[in-house]
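Student: I am new to this structure. Please take one part of it, the open sheet and the helices around it, and go through it closely, then place it among the other features.

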Amino acid sequence: MFYRSGRRNSRHRYQQGKHKRQQNNDREAIPLVSSINANLDRIAGILKAPEDLVVRSFKIGVNRHACAIICIDGLVDKALIQNQVIDPLLHHFTEQQVDSANKIATLVVDEVLTSFDIGENETYEDSIGSLLSGDSVLLIEGLATAIIIGSSGWNSRSVEEPQTESIIRGPREGFVEDIRTNTSLIRRRLREPNLRLITYKLGERARRTVVMMYIEGIVHPDLVEEAKRRIESIEIDDVEGSGTIEQWMSDSFLSPFPLIANTERPDKVTGGLLQGRIGILVDGDPFALVLPITFSSNLQSPEDYYQNWLIATLTRIMRLGAAFLATFLPALYISLLEFHHGMIPSKLAFSIAGAREGVPFPAVVEAFIMEITLELLREAGIRLPKPIGQTIGIVGGLVIGEAAVSAGIVSPVMVIVVAVTAISSFSFPSYSFAISLRMVRFAIMIAAAFFGLYGIILSYIMINIHFVNLYSFGIPYSTPFAPLFWGDWKDIILRAPVEYLKDRPRMLQTRDSIRMKRK
Amino acid sequence: MGKRIHGGKCLIAVCALTLLSGCWDRVEIDERGFVTGVAIDLVKKKGEEANEESSAQQFKGTYQIIVPAGLRSGGNESGGGGESYFNISASERSIMALTARLATKTSRTPYFEHLAIIVLSKDVVKGKSADLADLLDFFLRDNEMRRDVKVLITDGKASDIFNIKSQNEKYPLAYIESTLKNNFKSNYMLPPSRIGDIHEQILKDISFTIQKISHYEDGISLVGAALFGGDHAFVGFLSGEETQGLNFMRQQIKGGVVETQMDEQIVDFEVERAKSEIHAYPDGDSFRFVIKVRAEGALGKSIRNLDVAKLSTITAMEEAFAKKIEAVCYETITALQKEYNTDAIGLLSYLRQNHYRSWLKLKDNWDEGENLFSDAKIEVQAKVNIRRLGNINQSEGE
Amino acid sequence: MSRRQYDDNRISAPEMTITVTSMIIGVGILTLPRVLAGTTESSDGWISIALAGCFGMLLAFILGKYGVLLGNETFYDFIGKLITKPIAAGLMIVVMFYYAMYASYEVRAIANISKTYLFERTPSEAIGLTFLLIVCYAVSGSRIGIIRLNTLFLPFVVVLTMVVLFLSNTIIVWQELKPVFVTKPGPLLTGAQESGFTMLGFESILFYSTMMKRPKDAPKAAVFGVAIPVVLYMGIYLACVGIFSQAGLQEIGYPAIELAKEVKIPGEFFERMESVFFTIWIMTIFNSCTMAFDMAMHAGYSVFKKGKRIHWVILLAPIIYYIGMMPKNVIAFAKYGSFISYIGYGLIILLAILYPFAKRKVKRSWASGSTGGNA
């Protein structure tokens with residue numbers, strides 16, 4: 001939100017993008033009038049004179065010219081207004097003798113006010129919009145224009161480590177709710193002149209600021225076009241958070257898999273921007289969106305780049321194994337114990353059969369009971385306050401599992417299976433992907449209950465068919481496995497040594513594909 | 001895109017309805033009766049059916065089924081509450097009927113995927129009406145069993161073997177199973193005979209051997225071999241030494257001891273590996289064979305005051321062992337050629353692989369018909385290499 | 001929300017090779033070693049495989065050249081110019097039925113083999129039905145999606161086969177492979193004919209080459225696509241002979257799967273590989289069936305040019321299922337397979353013979369300046 005100070009035809013932020021505010025707005029674009037009191041009354045009338053609307057009237061200059069400054073208490077930094085607006089106006093405007101309001105306005109803006117952000121607007125709607133965003137509106141008697149002074153200063157959370165995505169090594173900064181802080185976090189990491197931040201105000205009634213970021217010259221222009229088109233077509237009352245925008249912008253609402261990544265970490269966003277993706281920040285939500293993503297992005301975590309390539313590669317392989325376990329292990333348990341007893345080595349088969357002697361339920365029912373119990377525990381653990389939540393998780397798991405085994409409801413092997421599944425599903429960097437796998441796991445368990453191993457393989461085929469026909473902003477979800485982009489394989493499971501990570505991912509068809517010049 | 005997914009998902013929904021009718025193959029693991037071993041004996045049925053078919057005999061099959069709960073040692077409950085296995089038997093004319101009959105006798109239906117051992121009594125495989133191939137047909141055809149199942153032939157009653165108590169193992173078949181793999185310690189027994197290999201040997205119409213198991217009061221013994229000749233009929237048993245010779249000539253040695261005498265004292269040689277090369281030279285209509293055996297290993301037991309550090313001693317020992325090996329081999333050859341007329345050494349296969357055209361001519365007359373095998377000249381040349389001497393030199397000084 | 005055409009939905013030459021390979025690797029190899037052991041002596045079956053492979057590569061090369069001529073036209077339009085529309089329409093109808101039968105053969109094969117190895121009491125109709133429904137789901141997607149599925153599944157199959165072959169090293173008896181070169185040419189040719197039936201599938205190059213980025217690469221891609229299965233088949237056959245010996249091999253129903261049954265995993269941490277082997281093999285059979293279904297639909301659509309994709313799926317699926325369930329037992333089924341292969345080769349050889357005429361016609365139309373196919 002960079003204003004060019006002092007000029008009437010300053011680029012208004014509403015004029016960026018092809019926003020349809022005029023058509024959908026039921027507030028009329030009524031221009032301001034010259035009379036200060038009429039303006040004040042009108043504004044107070046539209047807002048129905050709320051308690052926190054503060055009006056400070058004063059007279060400036062030798063001629064005791066009437067001025068008033070309006071702001072909304074709680075949204076503004078009062079000290080700033082006092083020091084930068086009221087003080088200069090009252091004390092430094094004394095000697096001038098000016099007759100017309102226009103000249104006063106020019107003088108005020110050019111020579112008196114010490115504020116940084118200054119702009120102008122001419123309609124009630126815009127003025128109220130500025131008021132509600134934390135700016136102060138300065139009205140001068142005789143001027144049919146309002147001077148907008150940026151003075152926002154509200155309490156917001158300080159930058160701290162992201163809760164959901166902690167890593168061992170790497171920056172511990174996470175996004176907060178205030179969008180200005182968030183954009184500053186991005187700018188600090190990427191001091192790139194080609195970084196474009198395009199602002200939108202989305203939501204008819206909430207006017208939430210949404211910022212779309214990309215690096216011009218790297219990202220494919222069609223991608224930017226499409227993303228812009230999708231954002232601009234959102235017409236609802238409020239986009240509550242980045243999750244809502246994510247759902248509006250996704251290609252398919254039927255797929256359980258995430259088509260747009262969300263993250264609290266600035267380094268993930270800047271990493272994505274440098275790869276040729278687009279980032280989106282939403283005011284009021286610490287989760288940023290990165291689009292487009294494909295299946296391979298779910299396996300990556302920024303931590304992989306801060307460590308040695310061998311460790312990173314092995315960790316990624318382990319993650320892939322964890323993905324496999326988290327999805328298929330309960331289903332494999334069901335199919336091995338119900339259908340294909342021959343596949344278990346003899347001694348193990350006998351011992352499992354012995355352990356299951358007294359258990360009343362078939363393995364299928366047992367598996368479902370335990371899995372559902374685990375899901376309940378997980379949900380409960382999130383709602384409870386931190387210290388209790390962790391205890392419940394551990395206690396719940398141990399005690400319930402132990403008790404269930406002693407009571408003979410489940411067999412010990414099932415408890416092990418469920419525990420391993422739960423641990424594997426927590427080892428992902430991407431929470432949305434972990435959730436999708438949870439859903440898929442149940443579906444595969446049902447398939448295994450009907451057809452055993454055959455059911456599992458058919459479900460696997462079905463998931464692949466789904467991936468292959470799923471597109472995220474035009475890129476097939478199964479890229480770079482199919483279509484094959486060999487160059488991109490350097491960074492999916494294997495994380496090649498840094499000397500070899502020269503190019504940006506081919507699948508994003510970036511304009512500038514070299515990120516590192518050879519020595 | 002939405003349309004396409006809807007179309008596909010509709011089809012899936014339709015199929016889901018049909019699936020709700022039930023899962024057919026789901027069987028709880030603890031409802032299975034794991035059969036680990038099958039023993040087959042011959043039972044002559046007297047009386048009524050003597051006029052029906054010439055085969056008035058039936059097979060008595062004994063199945064050993066595991067009780068998994070009894071396998072748990074220690075644990076929460078006091079262990080040893082029950083046995084870990086039980087044997088049930090029935091008599092029928094075929095194995096398939098046996099299985100069906102046994103299903104009516106026990107709560108756990110017989111389940112063969114973990115079948116490990118089949119024991120056949122020698123009466124069952126002797127003649128035309130009791131045929132090895134017929135018996136094994138069920139075990140080969142049904143998908144539950146693997147070709148890895150081991151077959152053993154026994155002298156007496158096969159079902160007696162299933163009642164042996166063992167100290168170390170929980171059920172008799174575990175005892176048998178681990179013992180039959182011990183051919184790396186003793187070369188008086190054959191390597192395990194897999195049913196798949198037997199099937200191939202029957203198909204190739206060659207003679208072969210199967211492991212022999214004998215029953216004593218305090219356990220079992222796997223010394224010796226059961227010999228099967230033309231038309232895969234049981235011909236006889238080989239003794240321990242004859243089996244050793246056979247092992248040497250067929251390159252089946254994985255370990256074991258060769259014992260001989262030097263200066264009227266016993267010396268032992270521990271074989272680690274042995275190679276055998278067959279060479280065939282045309283000899284009239286038939287062939288003359290030279291079998292070269294090379295054995296390598298360590299000195300097991302020496303004479304107490306023999307200085308083994310000297311090269312001459314070692315050489316003398318090596319020669320003594322080599323002669324012993326040759327003697328054993330000749331013993332086997334004599335038995336095979338004169339007594340049984342059966343080529344279990346694999347010479348016919350060798351001819352097929354290396355002298356194909358001649359093989360085509362004489363394969364029907366090898367150990368049947370003209371019995372060319374019995375007249376063939378076979379020479380054995382053995383060489384022994386003692387590589388290690390053990391920890392000490394002499395156990396008693398000069 | 002419409003999907004933007006980000007990439008142009010065309011396939012590259014390596015992907016074409018993978019497609020041809022996936023189409024060829026199917027049910028045939030599971031029984032091929034037994035058939036070869038019955039006709040050839042000792043381990044000479046590999047010669048038959050090699051002969052059939054060379055013949056297949058030659059035909060694939062010729063058919064691939066069609067791809068160069070076709071450019072962006074459908075095959076029906078192109079052939080229509082050559083041999084008049086009604087005959088071409090008849091030809092395409094035959095093609096459509098051929099592929100429908102091919103797909104039904106695969107479905108029934110899955111049902112049979114699964115019944116033998118994975119299930120005991122589940123009716124094979126149910127097994128076949130679920131398989132066919134998943135195939136329908138795949139086919140009602142985009143064509144390019146089907147090609148991508150090949151790329152996703154083939155590595156699993158190839159790697160697994162390599163692993164099985166590698167592990168079987170310990171149980172192969174190398175002497176069983178001797179003697180060598182003892183079969184007379186007659187049986188070798190019979191064996192080659194049988195192997196040829198399993199090589200069927202490379203004719204898919206005719207229908208998929210229009211989707212390639214550079215149709216000029218089609219012949220080379222097709223030849224490689226045939227070469228990979230040839231090598232794989234030879235490996236499996238030799239391993240089977242080494243493990244079961246020729247005499248035993250003749251009597252084993254599905255030797256490739258029994259091969260997986262025999263393999264011992266070091267550590268013995270699970271016992272019967274054949275379930276895993278077969279379930280992964282289902283993936284490549286699925287690919288073949290999907291492509292056959294897709295090509296049947298494509299053939300039908302290019303003649304009638306009516307109806308959306310989903311309509312064709314609903315039309316063809318019940319036909320495929322019903323035909324597949326018709327053979328009464330395994331022997332009738334094998335005869336059905338041979339019948340399909342004869343039709344297939346008939347079509348291929350017919351088209352291969354037509355090729356020189358087609359090429360001449362195209363050259364003439366270029367020379368005369370009219371719009372022919374664009375290379």
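Tutor: What follows starts with the sheet in chain A and then moves outward to the aromatic rings and the other chains. The model is a predicted one.

The sheet is open and has 5 strands, in the order E1-E2-E4-E5-E3 of chain A, with antiparallel pairing. Strands of a sheet are held in pairs by backbone hydrogen bonds, and the pairing can be parallel or antiparallel. Which strands stand at the edges? They are strand E1 (53-60) and strand E3 (118-121) of chain A. Each of these has a single partner strand, so one side of each is left without a neighbour in the sheet. From one strand to the next, the twist averages 25 degrees.

One pairing can be followed down to residues. Strand E2 (residues 65-72) of chain A runs antiparallel to strand E4 (residues 136-140) of chain A, and 4 bridges join the two. A:Ile70 has A:Val137 in E4(A) as its bridge partner.

Helices also touch this sheet. Helix H2 (residues 36-47) of chain A packs on the sheet and touches E1, E2 and E4 of chain A. The direction of helix H2 makes about 15 degrees with that of E2(A). Helix H4 (residues 101-112) of chain A lies across E1, E2, E3, E4 and strand E5 (146-149) of chain A. Relative to E4(A), helix H4 runs at about 145 degrees.

The sheet belongs to a chain with 16 helices and 12 strands. Chain A has 519 residues, of which 52% count as buried. Among contacts in chain A between residues at least 6 apart in sequence, 68% join residues at least 24 apart. The accessible surface of chain A comes to about 23,600 Å², and carbon and sulfur atoms account for 58% of that surface.

Next come the aromatic rings. Over all chains, the whole structure contains 44 aromatic pairs. One of these is formed by A:Phe257 and A:Tyr477, with ring centres 6.3 Å apart. The planes of A:Phe257 and A:Tyr477 stand at 45 degrees, so the pair is tilted. A:Phe257 lies in the loop between helix H8 (242-249) and strand E8 (261-263) of chain A, while A:Tyr477 lies in the segment after strand E12 (475-476) of chain A. The pair therefore ties together parts that are 220 residues apart in sequence. A:Phe257 is buried, at a relative accessible area of 6%, and A:Tyr477 is buried at 0%.

Another pair is in chain C. The ring centres of C:Tyr105 and C:Tyr336 are 6.3 Å apart and their planes are at 55 degrees, so this pair is tilted. C:Tyr105 is in helix H5 (residues 85-117) and C:Tyr336 in helix H14 (residues 330-367) of chain C, so the pair ties together parts 231 residues apart in sequence. C:Tyr105 counts as partly exposed at 22% relative accessibility, whereas C:Tyr336 is buried at 12%.

One aromatic cluster has members from chains A and C: A:Phe324, A:Phe328, A:Tyr460, C:Phe131, C:Phe153, C:Phe156 and C:Phe286.

Chain B has 12 helices and 14 strands. Of its 398 residues, 53% are buried. In chain B, charged side chains also sit over rings: B:Arg32 lies over the face of B:Tyr111, at 3.9 Å from the ring centre, and B:Lys363 lies over the face of B:Trp359, at 5.3 Å from the ring centre.

Notes:
Residues are numbered from 1 along each chain as its sequence is written. Chains are lettered from A and ligands numbered from 1 in the order in which they are written. This is a predicted model: local features need pLDDT of at least 70, side-chain atom pairs count only at pLDDT 80 or more; totals for chains, interfaces and linings use all residues. Side-chain values use heavy atoms; hydrogens and water are left out. Buried means under 20% relative accessible area, exposed over 50%, partly exposed in between (1.4 Å probe, protein chains only). Contact means heavy atoms within 4.5 Å. Accessible areas come from the Shrake-Rupley method with a 1.4 Å probe; for residues, only the protein chains shown count as cover. Rings of Phe, Tyr and Trp (its six-membered ring) pair if their centres lie within 6.5 Å; planes under 30 degrees apart count as stacked, over 60 as edge-to-face and the rest as tilted. A charge sits over a ring if NZ of Lys or CZ of Arg is within 6 Å of the ring centre and within 35 degrees of the ring normal. Two strands pair if DSSP finds at least two bridges between them. Axes are lines fitted to C-alpha atoms, for helices over the stretch in contact, and angles run from 0 to 180 degrees between N-to-C directions.
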